[in-house]
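Student: I would like to work through this model with you, one helix packing at a time. Could you answer with the reasoning laid out before the result?

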Amino acid sequence: MRNLSRVLLAVVVAAAVVVAAPSAAPSPTFHQLLDAGIPIYCGGGDKGYVAFTFDDGPGPYSAQLVTLLKQYGVRATFFNIGEKVVRHPRLTRLEASVGAIGDHSFTHPNLITLPRDQIIAELARTRKAIRRITRRRVILFRPPFGDNASEILSIAHGLGMLEVMWNQDSGDASEASTPSSQEIYQHLVDRVRAGGIVLMHEDEQVPATLNALKLYLPEFQKTGLKAVTVPQLLALDPPPLEQVAKGSGGCNSSWRGP
Ligand SMILES: [Zn+2]
């Protein structure tokens, strides 16, 4: 019986993907994931796709980052801070030209310490600013500090945004000290696998992540993996709902190369 329901779920998900394919709008699979009301940590992992994500921008190195991503044909997802989006509309549009822009709150506070109406305002103001500047619907949210408390999750859901966490950390936001480019590069080599949602940050002080990517992207090209946005990853390699329910522990990479 359990196997049967699993097969039925797979059929439903597969059908949803087929139906969604001709449309640029979020697929039914995306809505299915959204309606499940649980955060996403990764794709299915059995196809050769990876989603690079960059938090906390746009900032002083955004233009260089976009140029580098374009050079390697890499699509990415940027979880931007609303007040920076308002300050740097041109950079926000530039980032939108190579991928998707998600909501990362307006001032990057520790959301759970705020009253509910302020949490809503943090998310809604950012969503509105990104939409006004990019003229695209904002369907992704990542909480500051990765705090995915259920209240924050339900507010994001109420605003029509899927909460996106990660399962592969570049380690570029070490609290104790900023890691070197070489260290970040090594983490990427060791950790990036098929189906992964990779956590990176936009550099503020020194271009450590940018320089790590300059080393890493030539290596990444050799893996045969393709870097796509989070919505593309979820459409091309959707994680089964039972896997999503297990959080980061449900993530695995069964793809063995092209
Ligand atoms: Zn952040």
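Student: Which residues of helix 6 and helix 7 meet?

Tutor: This is a predicted model, in which local features need pLDDT of at least 70 and side-chain atom pairs count only at pLDDT 80 or more, whereas totals for chains, interfaces and linings use all residues. Residues are numbered from 1 along each chain as its sequence is written, and helices (H or I, at least four residues) and strands (E, at least two) are DSSP runs numbered from the N terminus. Taking two residues to be in contact if their C-beta atoms, placed from the backbone, lie within 7 Å, the residues of helix 6 and helix 7 that meet are I119, I120 and L123 in helix 6 with I152, I155 and A156 in helix 7.

Student: How do the residues of this contact of helix 6 with helix 7 divide into nonpolar, polar and charged?

Tutor: Ala, Val, Leu, Ile, Met, Phe, Trp, Tyr, Cys and Pro count as nonpolar, Asp, Glu, Lys and Arg as charged, and the others, Gly among them, as polar. On that scheme, the contact of helix 6 with helix 7 has no charged residues, no polar ones and six nonpolar.

Student: At what angle do the axes of helix 6 and helix 7 cross?

Tutor: Axes are lines fitted to C-alpha atoms, for helices over the stretch in contact, and angles run from 0 to 180 degrees between N-to-C directions. The axes of helix 6 (residues 116–134) and helix 7 (residues 150–158) come within 10 Å, and they cross at roughly 45°.

Student: Which term describes helix 6 relative to helix 7 at that crossing?

Tutor: Angles under 35 degrees count as roughly parallel, over 145 as roughly antiparallel, 65 to 115 as roughly perpendicular and the rest as oblique. The crossing angle of helix 6 and helix 7 is roughly 45°. Helix 6 is therefore, relative to helix 7, oblique.

Student: Within what arc do the buried residues of helix 7 fall?

Tutor: A residue is buried if 20 or more other C-beta atoms lie within 10 Å of its own, exposed if 12 or fewer, and partly exposed in between, with C-beta atoms placed from the backbone. I152, I155 and A156 are buried in helix 7. They line one face of the helix because, with the arc taken over the directions from the helix axis to the C-beta atoms, these buried residues of helix 7 fall within an arc of 100°.

Student: Against which elements do the buried residues of helix 7 pack?

Tutor: The face turned away from the buried side of helix 7 carries the exposed residues S150, E151 and G158. The buried residues of helix 7, by contrast, pack against helix 6, strand 4 (140–141) and strand 5 (162–163).

Student: Which residues of helix 3 are exposed on the face turned away from its buried side?

Tutor: In helix 3 (residues 62–71), S62, L65, V66 and L69 are buried, and they fall within an arc of 100°, so they line one face of the helix. These buried residues of helix 3 pack against strand 2 (76–80), helix 5 (89–96) and helix 9. The face turned away from them carries the exposed residues T67 and Q71.

Student: Is Q205 buried or exposed?

Tutor: Q205 lies in the loop between strand 7 (197–201) and helix 9 (208–223), and its C-alpha atom is separated by 8.4 Å from that of P60, 145 residues apart along the chain. Because Q205 has 9 other C-beta atoms within 10 Å, Q205 counts as exposed.
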